[in-house]
Amino acid sequence: MKKSLLLTAMSAALLAGTTLSVQASQEPQGVYSADDILDADVYFANGSGEEIGDVDDILFDDDMRITALVIESGAVLGLGGREIVVDTDYFTLETSTEGDGETEHRIMLNATPKEVEEFPAYDRDWWEQTQANARDAWQTTRDGAQSAWQSTREAFDNDDEPQPQQ
């Protein structure tokens, strides 16, 4: 059930126009399956062809937009194998069709090995801090904003009510 829900959510998010940018030798597909992107290989985009790991999870916000990928890195460049959070600013999706007609998805990471080492680990501490940041942002926004209805009502309550046309 969870996998089916994730696939449905991923499809909806991709149809809605996420921040995944697509590069390929063919036209973009327009619809992407989470199942195809999960476990996709991740490479440095600098042309070295060096594999970093694979996609372990896809993170969404409340609007079902992709905000980050969780990459399970291998023992590349001394990283020692860990799960890292990669924001959408750092990756692109590359799609190509193989000779047998199969579609291959690859994630190209636009970061240096040093930047990759500094990406946050995907662990309980990261998750709790991210949730706390989202709650704080919501509270700040909610406290600092008034609804248009409330502002309009207050304006009319100040004896500025328009007089009926006679």
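Okay, let's start on the surface, with Lys114: this lysine is exposed, with a relative accessible area of 57%. Before I go on, a reminder that what's on the screen is a predicted model. So who does Lys114 pair with? Its side chain meets that of Glu118 in a salt bridge, at 3.4 Å from N to O. Both residues belong to helix 3, which runs over residues 113-118, and they're four residues apart, or about one turn of that helix. Glu118 is out in the open as well: its relative accessibility is 55%, and the cut-off for exposed is over 50%, so Glu118 counts as exposed.

While we're on salt bridges, there's also a small network in here: Asp61, Asp63 and Arg65 are joined into one by salt bridges that share partners. Let me take the two links in turn. Asp61 bridges to Arg65, and the closest N and O atoms there are 2.9 Å apart. Asp63 meets Arg65 too, side chain to side chain, at 3.3 Å from N to O. How covered up are these three? Asp63 is exposed, at 55% relative accessible area. Arg65 is partly exposed at 43%, and Asp61 is also partly exposed, with 22% relative accessibility. Buried means under 20%, so Asp61 at 22% falls on the partly exposed side of that line. Across the structure, the salt bridge count comes to five.

Sitting between Asp63 and Arg65 in the numbering we have Met64. Have a look at the backbone there: phi of Met64 is near 65°, a positive value, and this isn't a glycine. As a reminder, most residues other than glycine have a negative phi. Where is Met64? In the loop between strand 3, residues 51-60, and strand 4, residues 66-73. Met64 is partly exposed, with a relative accessible area of 32%.

There's another positive phi to show you, and that's Asp39, where phi is near 75°, again in a residue other than glycine. Asp39 is placed in the loop between helix 2 and strand 2, the strand being residues 41-44. Asp39 is exposed, with 56% relative accessible area.

Okay, let me zoom out for a moment. The protein has 166 residues, and 26% of them count as buried. In secondary structure, we're looking at five helices and seven strands. If you read along the sequence, the order goes α-β-α-β-β-β-β-β-β-α-α-α.

Back to charges, then. Which residues make up the patch of negative charge on the surface? That would be Asp36, Glu98, Asp100 and Glu102, which gather there. Asp36 is in helix 2, a stretch covering residues 34-37. With a relative accessible area of 40%, Asp36 is partly exposed. A residue needs over 30% to be part of a patch, so Asp36 gets past that cut-off.

Now for the inside. Thr95 is in strand 6, residues 91-97. Is Thr95 buried or exposed? Buried: the relative accessible area is 2%, and the cut-off is under 20%. For a polar side chain in there, the next thing to ask is what Thr95 makes contact with. The partner is His105, and this is a polar contact between the two side chains at 3.2 Å.

Next is Val86, over in strand 5, which spans residues 83-87. Val86 is buried, with a relative accessible area of 0%. Along the chain, Val86 and Val70 are 16 residues apart, and their C-alpha atoms are separated by 6.2 Å.

Last one: Phe119, which brings us back to where we came in. Phe119 is placed in the loop between helix 3 and helix 4, the latter being residues 124-144. Although Phe119 is in a loop, this residue counts as buried, at 9% relative accessibility. Which residue can we pair with Phe119 across the chain? Try Asp87: the two are 32 residues apart in sequence, with 9.1 Å between their C-alpha atoms.

That's my tour. If you want to click through while we talk, try the Asp61, Asp63 and Arg65 network, then the contact between Thr95 and His105, and then the positive phi at Met64. Okay, over to you.

Note on methods
Predicted model: local features only at pLDDT ≥ 70, side-chain atom pairs only at ≥ 80, totals over all residues. Heavy atoms only, no water. Helix = DSSP H or I, 4+ residues; strand = E, 2+ residues; numbered from the N terminus. Buried < 20%, exposed > 50% of the residue type's maximum accessible area, 1.4 Å probe, protein only. Polar contact = N/O pair within 3.5 Å; in protein donor to acceptor, adjacent residues only side chain to side chain. Patch = residues over 30% accessible without salt bridge, like charges linked within 9 Å, V, L, I, M, F, W, Y side chains within 5 Å. Areas by Shrake-Rupley, 256 points an atom, 1.4 Å probe, with all protein chains shown as cover. Salt bridge = Lys/Arg side-chain N within 4 Å of Asp/Glu carboxyl O. Lys, Arg positive; Asp, Glu negative; His and termini not counted. Charge placed at Lys NZ, Arg CZ, Asp CG, Glu CD.
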